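Me: I've got a structure to go through and I'd like you to explain the labels people put on it. Can we look at it together?

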Amino acid sequence: MLDHITIGVTDVERSKGFYDTALHPLGIERLYAEGETFAGYGIKPKAFFWIGHRNGPQTSVHIAFSAQNRAMVDRFYEAALAAGGRDNGPPGIRAHYHPDYYGAFVLDPDGHNVEAVCRAAAD
């Protein structure tokens, strides 16, 4: 079972702005910050997603956050784009994954593929 994940970012302040906005519709908030080097996000009291400053080139990762319903996926997508994310797949059914797989994908400021997904049937 996964306890937490940390990804490298080139500008922690810029990434905090992105993730503060993009993760809010999913009920995920910034719980910890260590100046300009790290920040931890989660649902109180546990941070399970961390960003940390890295100087070197990064390989992109794919992170999928669970959403309780499809409307949350839509709000995540809108918030992430408003925060400077780039479209990597608008909200919709991905039947090739699962008949009820409803997801949206954005690229964060460092090119990481960030997704919100709801696996429940339509509301």
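Me: What lies between strands S8 and S9 in their hairpin, and which residue in the turn has a positive phi?

Reply: Five residues lie between S8 and S9, and Gly 111 in the turn is the one with a positive phi, about 90°. Before we go on: this is a predicted model, where local features need pLDDT of at least 70, side-chain atom pairs count only at pLDDT 80 or more, and totals for chains, interfaces and linings use all residues. Residues are numbered from 1 along each chain as its sequence is written, and side-chain values use heavy atoms, with hydrogens and water left out.

Me: How do you know that S8 and S9 pair?

Reply: Start with the words: strands are DSSP runs of E with at least two residues, helices are runs of H or I with at least four, and both are numbered from the N terminus. Two strands pair if DSSP finds at least two bridges between them. S8 and S9 have six bridges and run antiparallel, so they pass that test. Along them, Val 106 stands opposite Val 114 in S9.

Me: What makes S5 and S9 a pair too?

Reply: Five bridges join them, and they run parallel. Two of the partnerships are His 62 with Asn 113 and Phe 65 with Ala 116.

Me: Why is Asn 113 called buried?

Reply: Buried means under 20% relative accessible area, exposed means over 50%, and partly exposed is in between (1.4 Å probe, protein chains only). Asn 113 has 15% relative accessibility, so it counts as buried. It sits in S9 and touches residues including Asn 88, Phe 105 and Leu 107, leaving out residues up to four places away in sequence. Touching, or contact, means heavy atoms within 4.5 Å.

Me: Why is S9 described as largely enclosed?

Reply: Six of its six residues are buried, so the rest of the structure largely encloses it. Asn 113, Glu 115 and Val 117 point one way, Val 114, Ala 116 and Cys 118 point the other way, and both sets are buried. Now look at S5: Ile 63 and Phe 65 point to one face and are buried, but His 62, Ala 64 and Ser 66 point to the other face and are not.

Me: Why is Glu 34 called partly exposed?

Reply: Its relative accessibility is 46%, so it falls in the partly exposed class. Glu 34 belongs to strand S2 and stands opposite Phe 38 in S3. S2 and S3 form a hairpin as well, with three residues between them, and Gly 35 in that turn has a positive phi of about 55°.

Me: How do you know that the length of H1 agrees with what a helix should span?

Reply: The expected span is 1.5 Å times one less than the number of residues. For the twelve residues of H1 that gives 16 Å, and the end C-alpha atoms are 16 Å apart, so the two agree. H2 has 13 residues and reaches 19 Å, close to the expected 18 Å.

Me: Why do we say that the buried residues of H1 line one face?

Reply: The buried ones are Val 12, Ser 15, Lys 16, Phe 18, Tyr 19, Ala 22 and Leu 23. Seen down the axis of H1, they fall within an arc of 165°, so they line one face; that arc is taken from the directions from the helix axis to the C-beta atoms. As background, an α-helix has 3.6 residues a turn, so residues three or four places apart point the same way.

Me: What makes Asp 11 a cap for H1?

Reply: One of its side-chain oxygens lies 3.2 Å from the backbone nitrogen of Glu 13, at the N-terminal end of H1. A polar contact is a pair of N or O atoms within 3.5 Å; within protein, one must be able to donate a hydrogen and the other to accept it, and residues adjacent in sequence count only if both atoms are side-chain atoms. Asn 69 caps the N-terminal end of H2 with a side-chain oxygen 3.2 Å from the backbone nitrogen of Ala 71. The side chains of Asp 110 and Thr 10 also make a polar contact, at 2.7 Å.

Me: Which residues touch the most other members of the largest nonpolar core?

Reply: A nonpolar core is a set of buried Ala, Val, Leu, Ile, Met, Phe, Trp, Tyr and Cys residues joined through side-chain atoms within 4.5 Å. This one has 27 residues, and Tyr 19, Leu 26, Phe 49, Ile 51 and Phe 76 touch the most other members.
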